[in-house]
Amino acid sequence: RVNLTQARIDKLTQIDVAKLPLKDAIVWKQGTGERKLVVFADPNCGYCKRFERDLNNVKDVTVYTFLYPILGGDSPEKSKNIWCAPDRVKAWDDWMINGKVPPATPANCETPNQKIVELGQKLKIQGTPAIFFTDGTRIPGAVDLPALEAKLDGQVTEGLPPDVLARSQDFGRAVAAHILDWSRDDGGAVIENMGFPYEYTL
């Protein structure tokens with residue numbers, strides 16, 4: 001069943017992700033990185049921190065994080081220190097996941113943060129995290145992991161003809177079943193040797 005109200009909202013709030021200045025984002029990848037995600041986040045946002053922890057459990061994803069310091073306090077300062085750190089990804093993770101405050105950086109370090117704030121206002125982003133997908137749809141606020149995975153998987157299969165998608169799914173299930181049967185018969189289910197001769201070495 002299609003939620004027509006949500007579909008209408010998605011259409012009205014849709015953006016052109018290709019036009020975002022991704023060079024001004026913190027970028028990190030897990031696995032193949034084939035699934036793409038854009039996040040506007042404030043370093044002092046509690047929901048953003050929870051979302052970052054969840055993202056570490058998502059496979060085969062590339063995440064573009066725009067620093068969006070709109071919560072006041074020292075958010076602009078933290079955003080600057082994270083952006084100007086030698087390793088932005090590490091500085092972001094250290095703060096958002098481990099609570100390690102980013103070290104102060106030189107006053108003359110330039111950042112795109114104000115430009116991103118203006119962009120966010122233009123896109124009518126009023127809170128964080130604001131999550132965008134490659135089809136331009138957004139989720140305002142944190143989303144649980146199952147819902148995020150479903151949306152990301154939808155991006156990968158979007159536009160595929162139904163028969164192609166069905167064949168791909170059937171093939172994947174067949175391969176998985178074959179591997180499971182094989183592991184039962186060849187000793188692969190036994191962790192201590194995984195089916196290799198004991199004298200086998202790399």
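Let's start at D74, which sits in the loop between β3 (61-67) and α3 (75-83). Helices here are DSSP runs of H or I with at least four residues, strands are runs of E with at least two, and both are numbered from the N terminus. This is a predicted model, so local features need pLDDT of at least 70 and side-chain atom pairs count only at pLDDT 80 or more, while totals for chains, interfaces and linings use all residues. Residues are numbered from 1 along each chain as its sequence is written, and side-chain values use heavy atoms, with hydrogens and water left out.

**Around D74 and α3**

D74 counts as partly exposed because its relative accessibility is 31%. The cut-offs are under 20% relative accessible area for buried and over 50% for exposed, with partly exposed in between (1.4 Å probe, protein chains only). Along the chain, N44 is 30 residues from D74, yet the C-alpha atoms of the two are separated by 8.1 Å.

What does the side chain of D74 meet in a salt bridge? Its partner is K78, at 2.6 Å from N to O. A salt bridge here is a side-chain nitrogen of Lys or Arg within 4 Å of a carboxyl oxygen of Asp or Glu. K78 itself is buried, because its relative accessible area is 9%.

K78 has company in α3: S75, S79, N81, I82 and W83 are buried in that helix as well. Which elements cover these buried residues? The cover includes β1 (26-30), β3, α4 (88-96) and α5 (113-122), where a contact means heavy atoms within 4.5 Å.

**The other salt bridges**

By the same rule, the count comes to seven salt bridges. As background, side chains of opposite charge can pair when their charged atoms come close. Three of the pairs are set out here.

| Pair | Closest N to O distance |
|---|---|
| K78 and D74 | 2.6 Å |
| K151 and D135 | 3.3 Å |
| K23 and D24 | 3.4 Å |

Take K151 and D135, whose side chains meet in a salt bridge. K151 lies in helix α6 (residues 145-157) and D135 in the loop between β4 (130-133) and β5 (138-140), so the pair ties together parts that are 16 residues apart in sequence. K151 is partly exposed, because its relative accessibility is 27%.

K23 and D24 are a mixed couple. D24 is buried because its relative accessibility is 8%, whereas K23 is exposed at 64%. Both also belong to a network of salt bridges that takes in K115.

**The disulfide**

How many disulfides does the structure hold? There is one, and it joins C84 to C109 with an S to S distance of 1.8 Å. The pair links distant parts of the chain: C84 is in the loop between α3 and α4, C109 is in the loop between α4 and α5, and the two are 25 residues apart. The rule used is a pair of cysteine sulfur atoms within 2.5 Å. In general terms, a disulfide is a covalent bond between the sulfur atoms of two cysteines. The link of C84 and C109 is left-handed, with -100° about the S-S bond.

Are C84 and C109 buried or exposed? C84 counts as buried because its relative accessibility is 18%, while C109 is partly exposed at 24%. Two other cysteines are buried: C45 has 4% relative accessibility and C48 has a relative accessible area of 2%.

**The chain as a whole**

The protein chain has seven helices and five strands. Read along the sequence, the pattern is α-β-β-α-β-α-α-α-β-β-α-α. Of its 202 residues, 36% are buried. Among contacts between residues at least 6 apart in sequence, 75% join residues at least 24 apart. The chain exposes about 12500 Å², and carbon and sulfur atoms supply 56% of that; the areas come from the Shrake-Rupley method with a 1.4 Å probe, and for residues only the protein chains shown count as cover.

**How far to trust the model**

The chain averages a pLDDT of 81, and 70% of the residues score at least 70. That score is the predictor's confidence in each residue, from 0 to 100. Over residues 156-160 the pLDDT stays under 50, and the model has four contacts beyond four places in sequence for them. Residues 189-194 also have pLDDT below 50, with six contacts in the model beyond near neighbours in sequence. Where pLDDT is low, the predicted coordinates should not be read in detail.
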